[in-house]
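Here is a quick tour of a fold for someone who likes to see the geometry behind the picture. Have the viewer open and follow along.

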Amino acid sequence: MAKTTLTTKTMPEADSVAPLMELYGLGFEGGFKINIRSALTQIVDIFRLRLQAGYYGTGDRLPPEREIAEEFGVGRPLIRKALAVLREEGYLIAKRGAFGGHYVTDLEVPTRKWLETVRADNGAHLLDVIDLRMAVETRAAELAAERRTAEEQAAIELAAAQLNHLLEVSLGQAHAQTNAHELHRADFRFHEMIAKSSHSASVVTAMAQIRGLTFLARPVAYKELKGTVEDHSIIFRAIRVQDPHTAASAMRRHLDHVKDSYLRLAGEGDGRGRVDGVEEPFS
Ligand SMILES: [Zn+2]
């Protein structure tokens, strides 16, 4: 491949925008090399992301092989291989019989693996995600306060109420931890409704990216979720009375709390690698 021939005039500063350079394929010695990944890897990556983002939750049945093959425009043998990889990684389990097919597991194995990765870099990855969320979501809350319609306000408040309801139900159960995935999904739904109400397509796209990065099957800290419900109520009230300033600062404060919980998850809470207040869905 020919070396990138942009002049220094048109090139961004190398150090300050390193990730951007990669995005644009600039500044690579000998030219940017296209990463040609196999179709199998791509399909596995997409499904892994869908599972981590909670688009498929524990107990959900995946569409039949035939449908997935149609979706990706590939043959069924390739889909079979991709599903085998996801079974091996602990995301899926195959069942036979009348209700046979591929089902999402309790995600214990991939969650454990994800936590190990998070702890290996002391939560640096999650803190990076929080920086992104701060940037995107404080502005989203501000814009939502200015631009939301009455229907969108109702949807935001419904999402908040659903999380509250789910939390109450799971606190009343002996095995509350089975709902971790569902609780995170409900929490995220509230954030997505605010992003949607910002009427910014780029904000909505950024939120879709963030969703996959936070792994919605991660363990839940029930004590923290009570605080989450309160935080959310301050945010939606500010959006309801169309107060952008308060909405943004309330979102910032909420994400500060999320940051604390991410740090505890990364094992920095008590310095012993244990997560205080987190009821892990496995022990
Ligand atoms: Zn939240």
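A residue is called buried here if 20 or more other C-beta atoms lie within 10 Å of its own, exposed if 12 or fewer, and partly exposed in between. Keep that in mind, along with the fact that this is a predicted model.

## The overall layout

The protein has 11 helices and just 2 strands. Reading from the N terminus, the elements go α-α-α-α-β-β-α-α-α-α-α-α-α, so the two strands are slotted in after four helices.

Of the 283 residues, 31% are buried. Take the contacts with a separation of 6 or more: 70% of them are between residues 24 or more positions apart.

## The little hairpin

Strands β1 (residues 92-95) and β2 (residues 101-104) run antiparallel and are joined by 4 bridges. To get your bearings, find I93, which sits opposite Y103 in β2, and then K95, which faces G101 in β2.

Between the two strands of this hairpin there are 5 residues, and G97 takes a positive phi near 95°.

## The core

The largest nonpolar core contains 57 residues. Those with the most contacts inside it are A141, A144, I156, I194, I235, I239 and A247. The elements giving two or more residues to this core are α2 (39-52), α4 (76-88), α6 (124-147), α7 (150-171), α8 (180-197), α9 (201-213), α10 (222-240) and α11 (244-265). Both domain 1 (39-105) and domain 2 (121-265) supply residues to this core, so it lies between them.

Which residues does A144 touch, if you leave out those up to four places away in sequence? They are I194, S197, S198, I239 and A247.

## Two helices up close

Start with α7. Its 22 residues should span 32 Å at 1.5 Å a residue, and its end C-alpha atoms are indeed 32 Å apart, so the two values agree. The buried residues in α7 are I156, A159, A160, L163 and L167. They cover an arc of only 90° around the axis, which puts them on the same side of α7. The background is simple: an α-helix has 3.6 residues a turn, so residues three or four places apart point the same way. Among the elements covering the buried residues of α7 are α8 and α10. On the face turned away from the buried side, you'll find the exposed residues A150, E151, H165 and E168.

Now for α11, which also has a length check: it has 22 residues and reaches 31 Å from its first C-alpha to its last, close to the 32 Å expected at 1.5 Å a residue. The buried residues in α11 are A247, A248, A250, M251, H254, L255, V258, S261, Y262, R264 and L265. The cover over them includes α5, α6 and α10. Just after α11, G267 takes a positive phi of about 90°.

## Two loop residues with positive phi

If you like scanning backbone torsions, stop at N122 in the loop between α5 (108-120) and α6. N122 has a positive phi of about 55° although it is not a glycine. Is N122 buried or partly exposed? With 13 C-beta neighbours inside 10 Å, N122 counts as partly exposed. The C-alpha atom of N122 is separated by 9.4 Å from that of L265, with their positions 143 residues apart along the chain.

H199 is another one to look at, in the loop between α8 and α9. Its phi is near 60°, a positive value in a residue other than glycine. Which class does H199 fall into, given the 16 other C-beta atoms within 10 Å? That count is over 12 and under 20, so H199 is partly exposed.

Terms used
Residues numbered from 1 in each chain as written. Predicted model: local features only at pLDDT ≥ 70, side-chain atom pairs only at ≥ 80, totals over all residues. Pairing = 2+ DSSP bridges. Core = buried A, V, L, I, M, F, W, Y, C linked by C-beta atoms within 7 Å. Domains from an automatic or database assignment. Contact = placed C-beta atoms within 7 Å. Expected span 1.5 Å × (residues − 1). Arc of directions from axis to C-beta.
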